[in-house]
Amino acid sequence: MRLLAATPVRRGAQVLLGALFVYAALAKIVDVAGLATEVHNFRLVPLWSENLIAMTLPWIELLAGLALVLGARPRAGAWVAGALLLVFTAGVAAAMARGLDITCGCFGTSSVTRVGWAKLAENAGMLALAAIGSLRPR
């Protein structure tokens, strides 16, 4: 645990996760309609909330990512990113359990990633980065 909390490791995890979140957010911000369709395909939220989610989610991701990259409240950014990743992972698992053959929209509609085990593994890796990034400095 001491090695993971060391400043270079913790800071590296924060910057890497932050860069991923900034990239994902910007890809979604430019295509809100496409993101709304991706949210709809998961069939997890009420129809009335799909556009609201598509309009607000990328901005939350962007704020968390910038906090991580810029080092402005990076632990808070890691906690927000981790919470989002838990929700995203639950959505992917629910889609897999229901046998849905859909794309996740995780990095916008320009990057087509299918829901499946590879996506769960990717999310697990990002959750590990969030956990490391949320550690208190030593």
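Helices here are DSSP runs of H or I with at least four residues, numbered from the N terminus. With that in hand, let's walk through this predicted model, starting inside one helix and working outward.

**Helix α4 and Ala64**

Ala64 sits in helix α4. Is Ala64 buried or exposed? Its relative accessible area is 4%, so Ala64 counts as buried, the cut-off for that being under 20%. Setting aside neighbours within four places in sequence, Ala64 is in contact with Gly77, Val80 and Ala81. Trp79 is worth a look too: 15 residues separate Ala64 and Trp79 in sequence, and their C-alpha atoms are 8.6 Å apart in space.

Ala64 has company. The buried residues of α4 also include Glu50, Leu57, Pro58, Gly65 and Leu68. What do the buried residues of α4 pack against? The partners are α2 (7-29), α3 (32-42) and α5 (74-97).

There's a bend to find along the way. At Thr56, shortly before the proline Pro58, α4 has a kink of about 25°. Just past the helix comes Gly71, with a positive phi near 75°.

**Helix α5 and its neighbours**

Next up is α5, where Pro74, Gly77, Ala78, Ala81 and Gly82 are among the buried residues. Further buried residues of α5 include Leu84, Leu85, Thr89, Gly91, Val92 and Ala95. The cover over these buried residues includes α2, α3, α4 and α6. α5 is followed by Gly99, and that glycine has a positive phi near 75°.

How do the end-to-end spans work out for α4 and α5? Here they are side by side.

| Helix | Number of residues | Expected span at 1.5 Å a residue | Distance between end C-alpha atoms |
|---|---|---|---|
| α4 | 21 residues | 30 Å | 30 Å |
| α5 | 24 residues | 34 Å | 34 Å |

For α4, the 30 Å between the end C-alpha atoms agrees with the expected span. For α5, the 34 Å between the end C-alpha atoms agrees as well.

**A view from α6**

Hop over to helix α6, the place of Asn123. With a relative accessible area of 2%, Asn123 is buried. Not counting residues up to four places away in sequence, Asn123 touches Leu85, Phe88, Thr89 and Val92.

**Two arginines in loops**

Now for the loops. Arg43 lies between α3 and α4, and Arg73 lies between α4 and α5. Arg43 isn't a glycine, yet its phi is positive, about 55°. Arg73 isn't a glycine either, and its phi is positive at about 60°. Are these arginines buried or exposed? Arg43 is exposed, with a relative accessible area of 57%, and Arg73 is exposed too, at 69%. The cut-off for exposed is over 50%.

**The largest pocket**

Last stop: the largest pocket, which holds about 510 Å³ of space. Of the 26 residues lining it, Phe42, Leu57, Val87, Phe88 and Cys104 are the closest to its centre. Two of these names came up earlier: Leu57 is buried in α4, and Phe88 touches Asn123.

Which helix gives the most to the lining of the largest pocket? That would be α5, with six residues. At least two lining residues come from each of α2, α3, α4, α5 and α6 (117-133). Sorted by class, the lining has 19 nonpolar, three polar and four charged residues.

Key:
Residues are numbered from 1 along each chain as its sequence is written. This is a predicted model: local features need pLDDT of at least 70, side-chain atom pairs count only at pLDDT 80 or more; totals for chains, interfaces and linings use all residues. Side-chain values use heavy atoms; hydrogens and water are left out. The expected span of a helix is 1.5 Å times one less than its number of residues. The bend at a residue is the angle between axes fitted to the seven residues ending there and the seven starting there. Buried means under 20% relative accessible area, exposed over 50%, partly exposed in between (1.4 Å probe, protein chains only). Contact means heavy atoms within 4.5 Å. On a 1 Å grid over the protein atoms alone, a cavity is a set of points where a 1.4 Å probe fits but cannot get out, and a pocket is an open set with protein on both sides within 12 Å along at least five of seven lines; lining residues have an atom within 4 Å of a point. Grid points are joined across faces, edges and corners, and a volume is the space filled by probe spheres set on the points. Ala, Val, Leu, Ile, Met, Phe, Trp, Tyr, Cys and Pro count as nonpolar, Asp, Glu, Lys and Arg as charged, and the others, Gly among them, as polar.
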